[in-house]
Amino acid sequence: MQTDMSSGKDRILIVEDEEAIRDMLGYALMKEGYVCEEAIDVEQARNNLQAEKPNLILLDWMLPGMSGIDYARRLRSMPETRDIPIIMLTAKGEEVDKVRGLETGADDYITKPFSTKELIARVKAVLRRYSSKDASGIIEVEGLTLDPETYRVSANDNHIEISPTEFKLLHFFIGHPERVYSRSHLLDQVWGENVYVEERTVDVHIRRLRKTLEPFGFDKFIQTVRSVGYRFSTR
Ligand code: CA
């Protein structure tokens, strides 16, 4: 069992069936001060998650049994695991397109072979994004600040006038960065599942949100992913 809970170290669950890569990941992360748990497949990962929730999951795409991609979707669909950041490990170029395009729910992906330096940089970036939500609920991303309590949005301390629907849309996006959402998913999340609204309504509000953010240069964060949907990204 874990004994170092009080140290405040981030726990990372590595799900990878290849021993050499698993060892490499574990060693590199431990050297950086992370506490690592290892699993060779989804079943072991599940047992691990039940014992303790990690701060981040490194998830291999190709696993024996259930694939990493299916597991990522499943984690996203369950309330108790929805908020755990996931970085996918992929092997081939075409897989990256799938990770990007499909709604896997992954926060980022790394293509094998990768350097330790790249791995650590990605892990730190994803963890930083998640910890940018402070206790008051205020979320800040590169100068764009959203306060769910007061319904205020500001750009580098300049107040932004924003309508309620655009606020809700931005709130959802900013809390779930780097992931692609379809129109129907956004409708469920922002408008609610029992509200009948046409999917093109989403496009209308995306346009308005971009227009609202445009004077401050933040419209670039609201990105169209062709034939899939939209995402909030600072890249
Ligand atoms: Ca594998």
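Select F172, F173 and Y181: in this predicted model the three residues form one aromatic cluster. The structure holds 5 aromatic pairs. For one of these pairs, display the rings of F172 and Y181. Their centres are 4.9 Å apart and their planes stand at 65 degrees, so the arrangement is edge-to-face. A colouring by accessibility shows F172 as buried, at 9% relative accessibility. Y181 is likewise buried, at 6%.

**Helix α6**

Now extend the selection to residues 164-175, which make up helix α6. The helix has 12 residues, and its first and last C-alpha atoms are 16 Å apart, close to the 16 Å expected at 1.5 Å a residue. Which residues of α6 are buried? They are E166, F167, L169, L170, F172, F173, I174 and G175. Two of the cluster members, F172 and F173, are thus on the list of buried residues in this helix.

Keep F173 selected and show what surrounds it. Leaving out residues up to four places away in sequence, F173 touches L186, I206, L209, I222, Y230, R231 and F232.

**The largest nonpolar core**

Next, show the largest nonpolar core, which has 29 residues. Four of its members, L144, L170, F173 and F232, touch the most other members. At least two residues of this core come from each of β6 (139-141), β7 (144-147), β8, α6, α7 (183-191), α8 (200-213) and β12. Helix α6 supplies the largest share, 6 residues. Another core, of 20 residues, lies apart from this one; L29, Y34, L119 and Y130 are among its members.

**The sheet of β10, β12 and β11**

Return to Y181 and display the strands around it. Three strands form an open sheet in the order β10-β12-β11, with antiparallel pairing. Where are the edges of this sheet? They are β10 and β11, each of which pairs on one side only.

Strand β10 covers residues 180-181 and pairs with strand β12, residues 229-232, over 2 bridges in the antiparallel sense. Select Y230 in β12 to find the bridge partner of Y181. Y230 is also among the residues that F173 touches.

On the other side of the sheet order, move to strand β11, residues 222-225. This strand is joined to β12 by 4 bridges, and the two run antiparallel. Two positions to label are Q223, which stands opposite R231 in β12, and V225, which stands opposite G229 in β12. Then follow the chain through the hairpin of β11 and β12, where 3 residues lie between the strands. Within this hairpin S227 takes a positive phi near 60 degrees.

**S154 in strand β8**

Select S154, which lies in strand β8 (residues 152-155). Is this residue buried or exposed? S154 has a relative accessible area of 18%, so it counts as buried, the limit being under 20%. Setting aside neighbours within four places in sequence, its contacts are G143, L144, T145, H159 and I160. One of these contacts, L144, is also among the core residues that touch the most other members.

**The calcium ion**

Now centre the view on the calcium ion. Which residues coordinate it? The donors are D17 (OD), D60 (OD) and M62 (O), at 2.1 to 2.3 Å. Along the sequence these donor residues follow the spacing D-x42-D-x1-M. The two aspartates link distant parts of the chain, being 43 residues apart. D17 sits in the loop between β1 (11-15) and α1 (19-31), whereas D60 belongs to strand β3 (residues 56-60).

Colour the two aspartates by accessibility. D17 is partly exposed at 31% relative accessibility, while D60 is buried, with a relative accessible area of 3%.

**The whole chain**

Finally, clear the selection and show the full protein. Its secondary structure comes to 8 helices and 12 strands. The protein has 235 residues, of which 49% count as buried. Among contacts between residues at least 6 apart in sequence, 57% join residues at least 24 apart.

Terms used: Residues numbered from 1 in each chain as written. Predicted model: local features only at pLDDT ≥ 70, side-chain atom pairs only at ≥ 80, totals over all residues. Heavy atoms only, no water. Donors = N, O, S within 2.8 Å, 3.2 Å for Na, K, Ca; no water. Buried < 20%, exposed > 50% of the residue type's maximum accessible area, 1.4 Å probe, protein only. Phe/Tyr/Trp six-rings, centres within 6.5 Å; stacked < 30°, edge-to-face > 60°. Pairing = 2+ DSSP bridges. Contact = heavy atoms within 4.5 Å. Expected span 1.5 Å × (residues − 1). Core = buried A, V, L, I, M, F, W, Y, C linked by side-chain atoms within 4.5 Å.
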